[in-house]
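Welcome! Here are a few short exercises to help you find your way around a new structure. Take your time with each task before reading its solution.

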Amino acid sequence: MKFRIILAAAASMTLLSSTMIPSASAQKIARPAATKLRIDPARIDRALARMIADGRAVGVSALVWVDGREVYFGARGDADREAHRPMTRDTLIQIFSMTKPVTGVALMQLWEQGKFRIDDPLADYLPEFAQVRVYAGKNADGSVRTEAPRRPILIRDILRHTAGFSYGGKEHPADLLFDQADPLALDHDLPEFGRRLASVPLVYQPGTQWRYSAAVAVQGLLVEKLSGMPFEAYVKAHVFDPLGMKDTGWTQPAERLPRLAAGYQKGADGTLARMPEAMIRRINFAPRKLTPGDFGLVSTSDDYMRFARMLLNKGTLDGVKILKPSTVERMATDDLDPAITQRLWLPGKGNGGFGIDFFVRTGQPKTPEENRGAVGEFFWDGAWSTLFWVDPANKLTAVFLVQKAPFDGTLHRDFRKAVYGADYTGPAGD
């Protein structure tokens, strides 16, 4: 299960500290008046071409909509280098943690129906979490010591990564116990996932830190429990089918396999090597029991753009209502209390906080190194370096697809700079 820990839990983490987090000595950007956005397709073309030419990616594609119309699509390089198959508009891409916002939308549909309240204890609906313990150090014999949580895990906590759950793959003792329990193994169903996760001590007291975790998989389990439907079936019936996302899903028919992009791993020498075929195909084209809410979806640029446009339109697309406008606004509002100062690598995403399954920009870029963007935007990305964002200030949404591991934030930096321009800072925040 090593690949699962590395690819799902490490989504968006690997290069942030070295490529995206501003240094203390970085030159500060002045706060000019709001910069007017001008999309330059040639500038985006050049940026994508450079990604291929300098060996940072094998194949990339980008789709940008502004004010209700497509303003850019471009693809460079190969979806499958060894088969000489170019990246195209209908290439199937494994989007990993870009699955998370889809799960959040599904759960918030049930919230709109009054199935739960945001500040309800999680154990009211998933009783396996009633007896969770919190890591409190080690005993003299090296065994783990735990303590009771000072308050229950709330549903709010699983929406914003403040529950205290681990995601494995790190050196904290609770992470090692997570790896041993292996709750996200593909041969477990969601109820078994929940039982195993609840047996692992929390890394910290609920509500005290932001730490990326298996919380969104718990959201998927909660969707299944509250809806009375298998999670995968619920999402298809209530999100994908209404939006016309015909190619998106966890389970893919065998005839689509030739459209699936290969994954490429950066080696010690900096070159990109094709990943083993079993790793590329495993989640979508092989038997499994788990439908993880936090990773596993395959999609295309056009399909995921429909999801993004629905969010930009505050819950509706082409007359189909997925969420209420107020619900989308709630998801796209920073929900982290200022007292939550321990935020792992989240500050490397930009000047902002976190809402419901989205990073939310609350201030202009502070340094030249920070990703370009506009206050009010919300977004997320995936372990193999995919990205999408929604920018209400400019009526813009963008989808960037690539299959490169580990996560490469320089690709996002360069794509955003190509969309916005190097000097763009957008409207001022509060």
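Angles between helix axes from 65 to 115 degrees count as roughly perpendicular. Keep in mind that the model you are looking at is predicted.

**Exercise 1: two helices**

Find out how helix H4 and helix H9 are oriented to each other, and which residues make the contact.

*Solution.* Start by locating H4 at residues 99-112 and H9 at residues 231-243. Next, look at the axes, which come within 10 Å and cross at roughly 85°. H4 and H9 are therefore roughly perpendicular to each other. Now turn to the contact: H4 brings Val-102, Thr-103, Val-105, Ala-106, Gln-109 and Leu-110, while H9 brings Phe-231, Tyr-234, Val-235, His-238, Val-239 and Phe-240. Finally, sort the residues of this contact: nine are nonpolar, three are polar and none is charged.

**Exercise 2: two hairpins**

Trace strands S1, S2 and S3, and locate the residue with a positive phi in each hairpin.

*Solution.* Begin with S1 (residues 59-66) and S2 (residues 69-80), an antiparallel pair with eight bridges. Val-66 faces Arg-69 of S2. Two residues lie between these strands, and Asp-67 has a positive phi near 55°. Then follow S2 to S3 (residues 85-86), again antiparallel, with two bridges. Here Asp-78 has Pro-86 in S3 as its bridge partner. This hairpin has four residues between its strands, and His-84 has a positive phi near 55°.

**Exercise 3: an open sheet**

What is the strand order of the open sheet of three strands, and which are the edge strands?

*Solution.* The order is S8-S7-S17, with mixed pairing. The edge strands are S8 (272-274) and S17 (404-405), each pairing on one side only. Lastly, check S7 (residues 264-266), which runs antiparallel to S8 and is joined to S8 by three bridges.

Key:
Residues numbered from 1 in each chain as written. Predicted model: local features only at pLDDT ≥ 70, side-chain atom pairs only at ≥ 80, totals over all residues. Heavy atoms only, no water. Pairing = 2+ DSSP bridges. Axes fitted to C-alpha atoms, helices over the stretch in contact; angles between N-to-C directions. Parallel < 35°, antiparallel > 145°, perpendicular 65-115°, else oblique. Contact = heavy atoms within 4.5 Å. Nonpolar A, V, L, I, M, F, W, Y, C, P; charged D, E, K, R; others polar.
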